[in-house]
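Welcome, and please bring up the model in your viewer. We will go from stop to stop, selecting a few residues at a time.

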Amino acid sequence: MTQIGFIGLGNMGLPMARNLMKAGHAVTGYDVDHGMTDRFATAGGVAATALDMACMGAEVIVTMLPAGKDVREVYLGRGGVLASAQQGALLIDASTVDIETTRVVAAAAQVNELAMVDAPVSGGVAGAEAGTLAFMVGGSDRAVARAQPFLAAMGKTIVHAGGPGHGQAVKICNNMILGVSMIAVSEAFLLAEKLGIDPQKLFDIASQASGQCWAMTHCCPVPGPVPSSAANRDYRAGFSAAMMLKDLKLAQEAAKTAGATVPIGAAAAALYRLFVEDGSAEMDFSGIITFLRGPQEANETPDDEQAARVPETEVANN
Ligand code: NAD
């Protein structure tokens, strides 16, 4: 049994922390939102009322936080993880954040002689609950080997992508594929609708043909073909549009820094930004189909006007 501190007990963090407990570990959890910490206590965990309390005596500290600024604050801030972790502790950041934040925090951890891996995940809330997440891990061989049994308690697939920040790099490339493919799948179902095709028929064929992809077979944006998809529950997230936009923006930032050409990724980021600004930040990311469908009268909009919904400057700048 290992003493674990878990920070960030939201949609993903709570079920992940629960799976660590199921594997026999003693987990002390902390969330800045005390309602979340209470939920964790109800689930059988030990609730900490302050961040440093969750770190105290922990051999392993796991974080699952919304964004880069939260990760910097939690690790580098006063009374944060680096200041509070015991000597020799292993740090696992499973949040999806920018590569720069990951590298800055990993370097600071090294100065403090603490082992650290970035281990962002794929698989969503369902994967977090079932313990079937895929982890994309960045860090030294030694740190990744130490993290392995704890990641295995929360996931099914663990891939060592390379040094610090490489887990994040793989994650944002993966999610750029997901964002782009969700838009492509949505457009195909909307076109089929206009052509008078039964969506179930399109699904039955495309899910077995060359159009097959995860966005379609796990998160089908129309109700019916995939019973567990958010389309069957009014697009309640799931993986929110705001989170998808965050990941697509991270991919754009990384592409700019690396000098990579990603025009379709840029168009996807622009469309998700419009969708989020339309008041849909909390909707599941597959709800983009409702935005692409537009109001009824927009169905008759000429093609060139529809194309103008994606701001040209934004695509060109990226
Ligand atoms: P969430 O907003 O549900 O949970 C994040 C939690 O962190 C919240 O409870 C929040 O109160 C807490 N928090 C924020 N700042 C904190 C601080 N300073 N100290 C302690 N707690 C703090 O988000 P989520 O859906 O659980 O996602 C977490 C991370 O996982 C994100 O980086 C996201 O991109 C990534 N992710 C999410 C999914 C998904 O399907 N939701 C899938 C893959 C990856």
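Which residues of H4 are buried? Select Gly-68, Asp-70, Val-71, Val-74 and Tyr-75 to see them; buried means under 20% relative accessible area, exposed over 50%, and partly exposed in between (1.4 Å probe, protein chains only). They lie on the same side of H4, because they cover an arc of only 155 degrees around the axis, taken from the directions from the helix axis to the C-beta atoms. Now add Lys-69 and Glu-73: these exposed residues sit on the face of H4 turned away from its buried side.

A word on what you are viewing: this is a predicted model, where local features need pLDDT of at least 70 and side-chain atom pairs count only at pLDDT 80 or more, while totals for chains, interfaces and linings use all residues. Residues are numbered from 1 along each chain as its sequence is written, and side-chain values use heavy atoms, with hydrogens and water left out.

**The ligand**

Next, select the ligand and the 25 residues that surround it, each with a heavy atom within 4 Å of it. Asn-11, Met-12, Asp-31, Leu-65 and Lys-246 are the closest. Try three distances to oxygen atoms of the ligand. From a polar side-chain atom of Asp-31, an oxygen atom of the ligand is 2.6 Å away. A backbone N or O atom gives 2.9 Å for Asn-11 and 3.2 Å for Pro-66. The protein buries 89% of the 830 Å² that the ligand exposes when taken alone, by the Shrake-Rupley method with a 1.4 Å probe.

Colour the shell by element: helix H4 (68–76), helix H7 (124–130) and helix H12 (241–258) give two or more residues each. Helices here are DSSP runs (H or I, at least four residues), numbered from the N terminus. Colouring by domain shows at least three shell residues from each of domain 1 (3–163) and domain 2 (169–316), with bounds from an automatic or database domain assignment.

**Helix H1**

Move to residues 13–22. Helix H1 is largely enclosed by the rest of the structure, because eight of its 10 residues are buried. Among them are Leu-14, Met-16 and Leu-20. After H1 comes Gly-24, with a positive phi near 100 degrees.

**Val-262**

For the last stop, select Val-262, in the loop between H12 and helix H13 (263–280). Is Val-262 buried or exposed? Val-262 is buried, with a relative accessible area of 14%. Measure from its C-alpha atom to that of Met-283, 21 residues apart along the chain, and you should get 26 Å.

Notes: Polar contact = N/O pair within 3.5 Å; in protein donor to acceptor, adjacent residues only side chain to side chain.
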